[in-house]
Every structure is written in structure tokens, then in C-alpha cells.
Amino acid sequence: MLTFSIICVTYNASKNIQSFLISLKQQVCRDFELIVVDGASSDDTVEKIRQYEFPDLSIIVEKDQGIYDAMNKGISIAQGEWLIFMGADDTFADSQVLQKIKKIIEE
């Protein structure tokens, strides 16, 4: 089982999503899935996400009833033990964040 499900809710986030994706790609700990719930963006948000080729990537692209509805869609398919919600313009503080959390969880 995966340790983390990282859920990112997006809508027309093309200008902001890249820093989040780079931050996630740099994580030393690879024990996560990325779930992106996009509210049917009219820009190239989804294409940018697919370019990063995360091994455990799920993308839901459809209209939603708002941010919490989108988050619940992500939760409904999450397979990780722990859920992490991040915005399209959020980043991890450094490349060790998930590794540090995993170590604490396992203690």
C-alpha cells in the first residue's frame, strides 16, 4: 500500500502548477500517488501535469460543485494511508519532506 495520496485540486492553473510539480518530482520519498482533480480547465493545466509522467498518477477532469466537492472526488479514489492536500501553487519546503514524515509515521 502507498503511504501518501497527494490530492491537488486545479482549475486553469497552468501558470502556477509547474512549481508544485517540480517540488513533488524532487521528493526523495517516492511512496506516493498523485491525484489531480481538475474542474475542466480551459487552459493547458492537464497537459502540463501529464508531461511530468508520475508513475502513480490519476487525473479526474470534470466540472465540480466547488473545491470541497473536488477534494471529495480525490478522496474517493485515494489509496494511500495518509492524505495530503496541496494547491496548484503550493510547494514542499525541500526534497526531504515526505521522507521525514514517513520516518515519523513509522516510529
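1. Let's start with Ser-23, which sits in helix H1 (residues 17-25); helices here are DSSP runs of H or I with at least four residues, strands are E runs of at least two, and both are numbered from the N terminus. Please keep in mind that this is a predicted model, where local features need pLDDT of at least 70, side-chain atom pairs count only at pLDDT 80 or more, and totals for chains, interfaces and linings use all residues. Residues are numbered from 1 along each chain as its sequence is written, and side-chain values use heavy atoms, with hydrogens and water left out.

2. Ser-23 counts as buried because its relative accessibility is 7% (buried is under 20% relative accessible area, exposed over 50%, partly exposed in between, with a 1.4 Å probe and protein chains only). Leaving aside residues up to four places away in sequence, Ser-23 touches Thr-91 and Phe-92 (contact means heavy atoms within 4.5 Å).

3. Now to the sheet: four strands, ordered S3-S2-S1-S4, make an open sheet with parallel pairing (two strands pair if DSSP finds at least two bridges between them). Strands S3 (57-61) and S4 (82-87) are at the edges, each with a single partner strand, so one side of each has no neighbour in the sheet. On average, neighbouring strands are turned by 20° against each other, direction ignored.

4. S1 (residues 4-10) and S2 (residues 32-38) pair in the parallel sense over seven bridges, and Ile-6 stands opposite Leu-34 in S2.

5. Helix H1 packs on the sheet and touches S1, S2 and S4, with its direction at about 170° to that of S1 (axes are lines fitted to C-alpha atoms, for helices over the stretch in contact, and angles run from 0 to 180 degrees between N-to-C directions). Helix H4 (residues 97-106) lies across S1, S2 and S4, at about 135° to S1.
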